[in-house]
Amino acid sequence: MQASRREFLTKAAQGAAVAACGGLIWAQLLRQEAAASVLALRPPGALAERDFAATCIKCGQCVQACPYDTLRLARAEDDAPIGTPHFVPRDIPCYMCSDIPCQVACPTGALSPELKNIAKARMGLAVIDTESCLSWQGLRCEVCYRVCPVKGEAITIENRSRVVSKHALFVPHVHSQACTGCGMCEDACPTEKAAIRVLNPALVQGRIGSHYRLGWLSDTPITQDFKPPEAPPAVGPAVTEPSAPKTAPGMDVLNQGIDP
Amino acid sequence: MSAIPLSTRRAARLYTPPATLAGKLHDAGYLILRRITQVGVLLLFFGTLHWGWQVMGQPVLRGNLSASELLGVIPLADPFAVLQQLASGHALQATVLLGAAILLVFYALAGRVFCSWVCPMNMVTDLAGWLRGKFDLNNLFRLQRGTRYWVMGMALVLSALMGVAAFEWVSPISMLHREIIFGVGMGLSAALGIFIFDLLILKHGWCGHLCPLGAFYGLLGNAALLRVRFDDSSCTHCGECVRVCPEPQVLNFKKAAESGMVTAGACTNCARCVPICPEDSLDFALRWDAHPSPGASQPRTPNSTVRNTP
């Protein structure tokens with residue numbers, strides 16, 4: 001009896017140990033796989049990466065629905081968790097179909113049906129390497145600006161004058177509130193390696209923090225403090241030319257006798 | 001403890017492969033059918049994706065074995081993958097839930113047929129098993145066949161802990177069909193690993209001991225209507241069926257005699273045993289068409305009494 005109980009306990013402990021070892025290795029594999037998530041560009045409407053990773057069943061129906069062969073299921077060697085749909089804009093960008101067929105094909109809701117307008121998609125954010133951008137060097141390029149499907153909003157061209165004898169720069173700027181991350185700019189960029197690239201916003205975007213106030217952009221309470229107090233409502237006939245008061249705080253003997 | 005005393009049974013004859021080609025084809029019938037459905041399903045996916053196969057203007061079969069859409073309307077989904085996703089604590093769209101429900105009902109009726117009639121990994125492990133027989137290789141270690149149920153449980157626990165479908169993320173089966181259908185990559189190395197494991201390390205190692213998907217369908221298969229029927233009166237206990245069965249523990253003569261069929265859910269309905277039986281004691285039947293043999297002990301559960309009443 002003793003021996004069999006001892007045997008049972010040993011067996012149970014050993015079984016638990018095998019399960020724990022296996023579980024730890026398995027969990028480590030999952031963590032490793034998930035680490036590539038941050039590099040992947042997802043189809044339009046994709047949920048936040050953690051939710052997307054959990055709800056995407058890796059069936060490839062979005063890939064099949066894409067008329068431009070933009071989307072691919074990640075293979076083990078790609079920079080995305082294996083089997084999940086992603087795209088590489090420099091190969092084929094997203095051409096932003098207005099009927100969003102990839103999202104319609106998704107059976108799980110990993111590509112959210114709440115996205116109705118493709119211009120509201122946020123697949124990534126274009127980032128410019130100003131050191132290799134032709135426009136930033138002083139050449140007239142602006143290709144990214146011209147191919148951008150939300151031209152004038154996602155990418156604008158700013159004109160910067162320089163010293164005499166050098167012509168002005170016409171430099172592109174990306175605006176995150178309008179950029180869909182479609183990657184047409186990255187695809188079209190004429191430099192050897194694209195000087196404008198679409199990345200996961202989480203990799204490049206900072207955050208100002210709520211304690212900074214850009215006073216010139218809004219009426220903040222601070223500027224209100226410096227407004228002059230409002231004049232008391234006028235009583236009786238208005239005085240056209242106010243004269244200096246006879247007495248006022250701060251008047252003393254030195255002020256006397258100079259009144260006309 | 002057989003139903004009919006061994007002394008009164010006929011002497012056992014072993015299976016002799018037929019000499020004629022027609023006989024060989026007849027005996028390989030189910031095997032050929034299984035290969036046709038396995039390759040056929042992959043081909044439907046592949047043809048729809050790469051060659052635009054359509055029926056009445058609708059794509060034939062879009063997606064892959066994880067989730068798909070048949071003829072543009074009927075959703076299908078791997079119920080175990082969906083279960084893991086739900087375990088990870090995420091809500092899913094109705095489409096995929098309906099698809100999972102459809103296959104859940106199908107496999108609950110048809111038994112563990114996914115493993116032997118659909119899963120592409122079956123071709124890999126069958127090849128390993130066939131080669132293993134040619135070279136007469138030994139197992140490196142022993143493993144309980146119940147291990148897979150623990151792996152299955154762990155897949156659900158890890159899904160809940162890690163917030164992603166734990167087996168789907170590392171599934172060599174998914175890597176295999178995904179890469180056959182959508183483009184070949186390094187995922188095929190997982191299938192190679194399983195081939196080597198089954199060939200050199202453990203007989204029926206993956207499908208019979210470890211695969212949590214097979215474990216899931218095995219649990220589901222306990223309810224199956226489609227069964228291998230067993231006729232105890234003609235059986236000589238020659239053991240040929242047990243020799244070819246990839247899940248030999250399901251062929252328990254005593255249990256089979258009592259219920260007139262193979263009852264274990266782990267049976268994949270692969271039908272290897274059917275043509276090899278020299279006495280034709282085995283064939284496919286629906287659950288209610290299987291009757292205990294006259295000499296077998298009375299069924300124990302009231303359910304089976306009701307079921308076996310004509």
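## Exercises: salt bridges and a surface patch

Arg35(B) is partly exposed, at 25% relative accessibility. The model is predicted.

**Exercise 1.** Find the salt-bridge partner of Arg35(B), and decide whether that partner is buried or exposed.

Solution.
- Step 1. Side chains of opposite charge can pair when their charged atoms come close.
- Step 2. Arg35(B) meets Asp126(B) in a salt bridge of 2.7 Å, N to O.
- Step 3. This pair links distant parts of the chain, 91 residues apart. Arg35(B) lies in helix H2 of chain B, and Asp126(B) in helix H6 of chain B.
- Step 4. Buried means under 20% relative accessible area. Asp126(B) has 15%, so Asp126(B) counts as buried.
- Step 5. Both residues belong to a network of salt bridges that also includes Arg34(B) and Arg272(B).

**Exercise 2.** Classify Glu247(B) and Arg148(B), which form a salt bridge, as buried or exposed.

Solution.
- Step 1. Their closest N and O atoms are 2.8 Å apart.
- Step 2. Glu247(B) sits in the loop between helices H12 and H13 of chain B, and Arg148(B) in helix H7 of chain B. The two are 99 residues apart.
- Step 3. Glu247(B) has a relative accessible area of 3%, so Glu247(B) is buried.
- Step 4. Arg148(B) has 2%, so Arg148(B) is buried.

**Exercise 3.** Locate Ile74(B) and state how accessible this residue is.

Solution.
- Step 1. Ile74(B) is in strand S5 of chain B, residues 74–77.
- Step 2. Its relative accessible area is 35%, so Ile74(B) is partly exposed.
- Step 3. Ile74(B) helps make a nonpolar surface patch of about 630 Å². Other members include Val55(B), Met56(B) and Leu71(B).

Definitions and conventions:
Residues numbered from 1 in each chain as written. Chains lettered and ligands numbered in written order. Predicted model: local features only at pLDDT ≥ 70, side-chain atom pairs only at ≥ 80, totals over all residues. Heavy atoms only, no water. Patch = residues over 30% accessible without salt bridge, like charges linked within 9 Å, V, L, I, M, F, W, Y side chains within 5 Å. Areas by Shrake-Rupley, 256 points an atom, 1.4 Å probe, with all protein chains shown as cover. Salt bridge = Lys/Arg side-chain N within 4 Å of Asp/Glu carboxyl O. Helix = DSSP H or I, 4+ residues; strand = E, 2+ residues; numbered from the N terminus. Buried < 20%, exposed > 50% of the residue type's maximum accessible area, 1.4 Å probe, protein only.
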